[in-house]
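Please examine the sequence together with the three-dimensional structure shown here. The explanation begins in the interior and then turns to charged side chains.

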Amino acid sequence: MRTINPISITAEGEYAPNLHRYRIVFQSEKGNQEFTFTVKDEDIIGAIWDDDEFWKITCEDPKVTDLMQALLNFHEARQQL
């Protein structure tokens, strides 16, 4: 069951070597919620949410995998520019 919908992604940039922070704003029944995510681009590229609250809200949402892939694609596109 989808509980939140992403409405924007903001790149904060690299905050440590090979670690990049992104903020995603979601629309929910409670109003807008913002969560941060970290993309690690050393060796195997991956993305993880910074707050376990995100997982509690979305653990049953089948589209979370698509969201994380979109974040990785966004990150890769930014690195190409």
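The following paragraphs treat the nonpolar core and then the salt bridges. The structure is a predicted model, and every statement below should be read with that in mind.

In soluble globular proteins, nonpolar side chains tend to be buried together. In the present model, the largest nonpolar core comprises 13 residues. The residues with the most contacts inside this core are I24, F26, F35, F37, F54 and L71. Three elements give two or more residues to the core: β2, covering residues 19-28, β3, covering 31-40, and α2, covering 64-80. Of these, α2 gives the most, with five residues.

L71 offers a useful point from which to view these surroundings. When its neighbours within four places in sequence are left aside, L71 is in contact with I9, Y22, I24, F37, V39 and A47. Two of these partners, I24 and F37, are themselves listed with L71 among the residues that have the most contacts inside the core.

Attention now passes to the charged side chains. A search of the whole structure finds four salt bridges, and three of them are described here, beginning with those of R23.

The side chain of R23 meets that of E12 in a salt bridge, with an N to O distance of 2.2 Å. Because R23 lies in strand β2 and E12 in strand β1 (residues 4-16), this pair ties together parts that are eleven residues apart in sequence. R23 also meets E34 through their side chains, in a salt bridge of 3.0 Å, N to O. Here E34 belongs to strand β3 while R23 lies in strand β2, so this pair likewise ties together parts that are eleven residues apart in sequence.

How exposed are the participants? R23 is partly exposed, with a relative accessible area of 28%. E12 is partly exposed at 43%, and E34 also counts as partly exposed, at 45% relative accessibility.

A further salt bridge joins the side chains of D66 and K63, at 3.0 Å from N to O. D66 has a relative accessible area of 42% and is partly exposed; K63, at 42% relative accessibility, likewise counts as partly exposed. Returning to the strands, salt bridges that share partners join E12, R23 and E34 into one network.

Strand β2 therefore appears in both parts of this account: β2 gives two or more residues to the nonpolar core, and R23, which pairs with E12, lies in β2.

Definitions and conventions:
Residues are numbered from 1 along each chain as its sequence is written. This is a predicted model: local features need pLDDT of at least 70, side-chain atom pairs count only at pLDDT 80 or more; totals for chains, interfaces and linings use all residues. Side-chain values use heavy atoms; hydrogens and water are left out. A nonpolar core is a set of buried Ala, Val, Leu, Ile, Met, Phe, Trp, Tyr and Cys residues joined through side-chain atoms within 4.5 Å. Buried means under 20% relative accessible area, exposed over 50%, partly exposed in between (1.4 Å probe, protein chains only). Helices (H or I, at least four residues) and strands (E, at least two) are DSSP runs, numbered from the N terminus. Contact means heavy atoms within 4.5 Å.
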